[in-house]
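Q: I've got a structure open and want a quick walk through it. Can you take my questions as they come?

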Amino acid sequence: TYHSAHPELQEADILTARELEILKMIAEGASSKDIATSLFLSVNTVDNHRRNMLKKTGAVDTSALIHVCKLCHII
């Protein structure tokens, strides 16, 4: 789980700009393939970003990732 020195979690503390961009697209319901096509990335790269976000936030799956990020006002 992420711990910050500040009372509020800051999106800059947790996710990179690219991860945040991908997270917003995931929250809108886009598939990895759709995201990869839109951002000119491979599907594997999108999935790697998703795994990194799960690890950074301590979420167990994509649904939990979106929930945690909404609670922390990241998205």
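Q: Which backbone nitrogen lies 3.3 Å from a polar atom of the side chain of T57?
A: The backbone nitrogen of A59. Keep in mind that this is a predicted model.

Q: What backbone oxygen does the side chain of T57 reach?
A: The backbone oxygen of M53, at 2.9 Å.

Q: Where is T57 found?
A: In helix α4, which covers residues 43-57.

Q: Is T57 buried or exposed?
A: Buried. Its relative accessible area is 12%, and the cut-off for buried is under 20%, so T57 counts as buried.

Q: Let's zoom out. How many helices and strands does the chain have?
A: Five helices and zero strands. Along the sequence the pattern reads α-α-α-α-α.

Q: What share of the chain is buried?
A: Of the 75 residues, 31% are buried.

Q: And the surface? What does the accessible area come to?
A: About 4800 Å² for the chain. Carbon and sulfur atoms account for 53% of that.

Q: What about contacts between residues far along the sequence? What share comes from those 24 or more positions apart?
A: They make up 47%, counting the contacts in the chain with a separation of 6 or more.

Q: Back to α4. At what angle does it pack against α5?
A: About 55°, with the axes 10 Å apart. Helix α5 spans residues 62-71. That angle makes α4 oblique to α5.

Q: Which residues make that contact?
A: From α4, R50, M53, L54 and T57. From α5, T62, L65, V68 and C69. So T57 turns up again, the buried residue from before.

Q: Left-handed or right-handed, that α4 and α5 crossing?
A: Left-handed.

Q: Now the other partner. How do α3 and α4 cross?
A: Their axes come within 8 Å and cross at roughly 110°. That makes α3 roughly perpendicular to α4. Helix α3 is residues 32-39.

Q: And is that crossing left-handed or right-handed?
A: The crossing of α3 and α4 is right-handed.

Q: Which residues meet there?
A: S32, K33, I35 and A36 come from α3. They meet V43, V46, D47 and R50 in α4. R50 is also listed in the contact with α5.

Q: Switching to α2. Which of its residues are buried?
A: E19, L20, I22, L23, M25 and I26. Helix α2 runs over residues 17-27.

Q: What happens just after α2?
A: G29 takes a positive phi of about 100° there.

Q: What sign does phi have in most residues other than glycine?
A: Negative, for most of them.

Q: Which residue has a positive phi near 60° in the loop between α3 and α4?
A: F40. It is a residue other than glycine, and it lies in the loop between those two helices.

Q: Buried or exposed, F40?
A: Exposed. Its relative accessible area is 78%.

Q: Now the end of the chain. What is the phi of H73?
A: Positive, about 60°, although H73 is not a glycine.

Q: Where is H73 found?
A: In the segment after α5.

Q: Is H73 buried or exposed?
A: Exposed, with a relative accessible area of 69%. The cut-off for exposed is over 50%, so H73 counts as exposed.

Terms used:
Residues are numbered from 1 along each chain as its sequence is written. This is a predicted model: local features need pLDDT of at least 70, side-chain atom pairs count only at pLDDT 80 or more; totals for chains, interfaces and linings use all residues. Side-chain values use heavy atoms; hydrogens and water are left out. Helices (H or I, at least four residues) and strands (E, at least two) are DSSP runs, numbered from the N terminus. Buried means under 20% relative accessible area, exposed over 50%, partly exposed in between (1.4 Å probe, protein chains only). Contact means heavy atoms within 4.5 Å. Accessible areas come from the Shrake-Rupley method with a 1.4 Å probe; for residues, only the protein chains shown count as cover. A polar contact is a pair of N or O atoms within 3.5 Å; within protein, one must be able to donate a hydrogen and the other to accept it, and residues adjacent in sequence count only if both atoms are side-chain atoms. Axes are lines fitted to C-alpha atoms, for helices over the stretch in contact, and angles run from 0 to 180 degrees between N-to-C directions. Angles under 35 degrees count as roughly parallel, over 145 as roughly antiparallel, 65 to 115 as roughly perpendicular and the rest as oblique. A crossing is left-handed if the near helix is turned anticlockwise from the far one by less than a right angle, and right-handed if clockwise.
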